[in-house]
Each structure stands twice: as C-alpha cells, then as structure tokens.
Amino acid sequence: MTPAAFDDADRRFMRRALALARRGAGTTRPNPMVGAVVVRRGRVLAEGYHRRPGTPHAEVDALAKLGGRAPGATVYVSLEPCDHLGRTPPCSRALLAAGVARVVVGVRDPNPLVDGRGITRLRRAGVQVDVGCLEAECRDLNRAFFTWVTRRRPLVTLKVAASWDGFIADGLARPAAAPAWLTGPAAREAAHALRAAHDAVLVGAGTVRADDPLLTDRRPRRGRRAQPLRVIMDGRLSVRPSARVIATTGDAPTLVFGGHGAAPARMRALMEAGADVVLLPSSHQGRFSVDALLAELAARDVQSVLVEGGAAVHGAFVSAGLVDRVALFFAPRLLGGGLGIATGPGRPLAEALRLGPARLRRFGEDVLMEADVLRGREG
C-alpha cells in the first residue's frame, strides 16, 4: 500500500502513536520505542506505548485498557507487531484475540525475529494490514535500533564544538581544572541533551587528560533516565584512575578500551577504580580498529554513540567511514590556528563522506549544524 493511500485521519492517528512512542525514549533499550492507538469510527478508544524491557508492548498496553477486546477497531502502531515469544507474548496474537479489523503499521521491523512475520500472521487471519503510514518518521524514530539490528553496530553521531575557522582548541596548555569553553551555556546545555539521547558518549584518552571531563548529562530536571555509558579509547591505558570519568563510576558507568599490549598493572588500577576495561587486538602502538570497538559495544546492547573527540578520534571514525550523523556547534570566533576538527590519514576526496541537507538551530550566539551521512545511492 502506497503512502498516498493513507488519508488525513490515518496520518493524524499515526502522529499520535509516534508521540506516545517518544515517551519511552531512554528507557526501552534494547527494544525499540513504539506507540499504539486503538480507534473505532474515528474515536480513540485507548492508547499505549512500550516503557521498558519486560513490560507490555505498545499494542498490548493499549488493548489492556479495553480488557483485551476491541472488536472491529483499527489499531495504529508505529512499528510492526511482533510475532514471537520473548519477554512478553506475541503482539500479533493479542491483536487477533482482541478482534481488531484493521492494523495500520508505520514501518516494518527489521529484526529477523519479526521482519514481516507479524504482518503475515495478521493478514492470513483476515485482518486488513496497511504498512507505511508516515514511514520516514517512524523509521527515523528508531534509527539507532535499525542500525544496530541491520549493521550490528551502534548508530554513530560525531559531535564537535569549533570556531568558525574550524578549530576545536587553541592548542595551548592549561590546567585541566580550568577548561576553556568555545561555546556558550545554551549550546553546552544542548550538548548535554545530545548525550541524553545516546546510549554512550565516547572520547579519546587525550581529551580525558586535557579536559578531565565527566561526560554526563548534567541538566536540571533530567528525570530518572540513566546516564549514558562513558567510553574511552585508550590503547595504552594511559588514563589516570583519578580522572573524574573513572573516579565517578558510582554516578555513571565507564568502559575503557585498550590494546592487547597494555600494561596489566594499568588495567588492574583502572578496574580497581571502578571502570570496566576491554582489550582489543591492536598494533604495537596500542592502536585498534574502530570496527572492533563498535562491535563490542553492539554486543553490549549499545545502539547509539555520541563521539565527542578529540581530533584523532574524530579522524579515526571519519577515516573508517563509521559516521552516521554530524552535530557541529560553531562558535562565532576565529582562532587562526590550533587543533583542527579531525586529524589522521583521512579519506581521498573522491571517497569523502557526503552529507545530506543541513538542519540549523541557534543557541545564543552559537549555531548547531546537523546533517546525516548519505549512504549508497543517497550519496
């Protein structure tokens, strides 16, 4: 069924399902965010959304408010109903038991355990199933989940704060306790919101030594959502156990990636301080592949990573082609020199990562430019 076949009412109810799904942001991992609306003759009978793993899925949550029965109703659901037994029973069977006449699906679920099976079961039982209502919006809502399922790695967002002439720091030595901010308070709060929107925040050992960051979301009234996992790329395990990102593991978890040749004593010291340490196959200089790091994070159910730097880390992800989105905060300053956004071997011009249309937002004097990396035919 083509998107043109959906009417205004269909789109209105699917937008409501999307709004409900967003209520689960930050709590549903590794499950996707899903919302559902039960409608009969243009009137909403019940609504539901998925809250966290082990709780009812959106369709079941909505139907439960009707005693599990909704004969002749239409159910709008932002993601294909599941058809397998996991932590909860199959949603497709709950819909059949409820007696619904029609199910409008936003987007098909790429999970091999689902991937069309829920739609097929419903259609074989005589339920009208229409797929693709607001498909782009429904897909974008769970883009991290889709990347994790189909590519077996997290979605990667490259986040940078830079001067207008492309420098992230002046390169001058300074006390770690006295960071030099390029951007203003409003932009920094927006950066904290970006952290909250990702499962993990990643930096290199150089950033830890230079800035001694906490890498947490410190906005007021942030709610009860868990802090993102803090990830450090540190081939030689050179980060001190006294660094704030290590010493505060009681507030947020920290995972340090090192190379196989790292000193065992350093590994023990970091683990005794509360960090988790993973050693990856590496060169004699302690360098390891970004692919291996992302594969390990995916195995830990991390579906999205915000890469905050520094320049060598940015360069490693760009060179590997493992960037999906870019968030560049530009401060109205000119440094004329210093540390650029990315360093490393880079990519040939013909193989440069191409970006889609930019989305601009203003935060005080600073401008945030966001864009998606185009893949395949998009590029």
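Helices and strands are taken here as DSSP runs, a helix (H or I) having at least four residues and a strand (E) at least two, and they are numbered from the N terminus. With these elements in hand, the loop between α1 (8-21) and β1 (35-40) is a good place to start, for Pro30 lies there. The model is a predicted one, and in it the peptide bond leading from Arg29 to Pro30 is cis, with omega near 10°.

Some further backbone features deserve a look. Most peptide bonds are trans, and most residues other than glycine have a negative phi. Against that background, Gly309 and Gly310 are joined by a cis peptide bond with an omega of about 5°. Gly310 sits in the loop between β12 (304-309) and α12 (311-319). Arg152, although not a glycine, shows a positive phi of about 55°; the loop between α6 and β6 is where Arg152 is found.

Turning to helix packing, two packed helices are described by the angle between their axes and the distance between the axes. For helix α3 (residues 91-98) and helix α4 (residues 117-124), the angle is about 25° and the axes lie 9 Å apart. Angles under 35 degrees count as roughly parallel, and α3 and α4 are therefore roughly parallel to each other. The crossing of α3 past α4 is right-handed. On the α3 side, the contact is made by Ser92, Arg93, Leu95 and Leu96, which meet Gly118, Arg121 and Leu122 of α4. Sorted by character, the residues of this contact comprise three nonpolar, two polar and two charged.

The last feature is a pocket. Rolling a probe the size of a water molecule over the atoms shows where empty space is left. The second largest pocket holds about 1,300 Å³ of space. Its lining is made up of 43 residues, and those nearest the centre of the pocket are Met33, Leu141, Ala197, His198 and Arg325. By character, the lining of the second largest pocket divides into 20 nonpolar, ten polar and 13 charged residues.

Both helices and strands take part in this lining. At least two lining residues come from each of the helices α5 (135-141), α6 (143-151) and α7 (185-196), and likewise from each of the strands β6 (155-163), β13 (325-331), β15 (359-363) and β16 (366-372). Among the contributors, α7 gives the most to the lining of the second largest pocket, supplying four residues.

Technical notes
Residues are numbered from 1 along each chain as its sequence is written. This is a predicted model: local features need pLDDT of at least 70, side-chain atom pairs count only at pLDDT 80 or more; totals for chains, interfaces and linings use all residues. Side-chain values use heavy atoms; hydrogens and water are left out. On a 1 Å grid over the protein atoms alone, a cavity is a set of points where a 1.4 Å probe fits but cannot get out, and a pocket is an open set with protein on both sides within 12 Å along at least five of seven lines; lining residues have an atom within 4 Å of a point. Grid points are joined across faces, edges and corners, and a volume is the space filled by probe spheres set on the points. Ala, Val, Leu, Ile, Met, Phe, Trp, Tyr, Cys and Pro count as nonpolar, Asp, Glu, Lys and Arg as charged, and the others, Gly among them, as polar. Axes are lines fitted to C-alpha atoms, for helices over the stretch in contact, and angles run from 0 to 180 degrees between N-to-C directions. Angles under 35 degrees count as roughly parallel, over 145 as roughly antiparallel, 65 to 115 as roughly perpendicular and the rest as oblique. A crossing is left-handed if the near helix is turned anticlockwise from the far one by less than a right angle, and right-handed if clockwise. Contact means heavy atoms within 4.5 Å.
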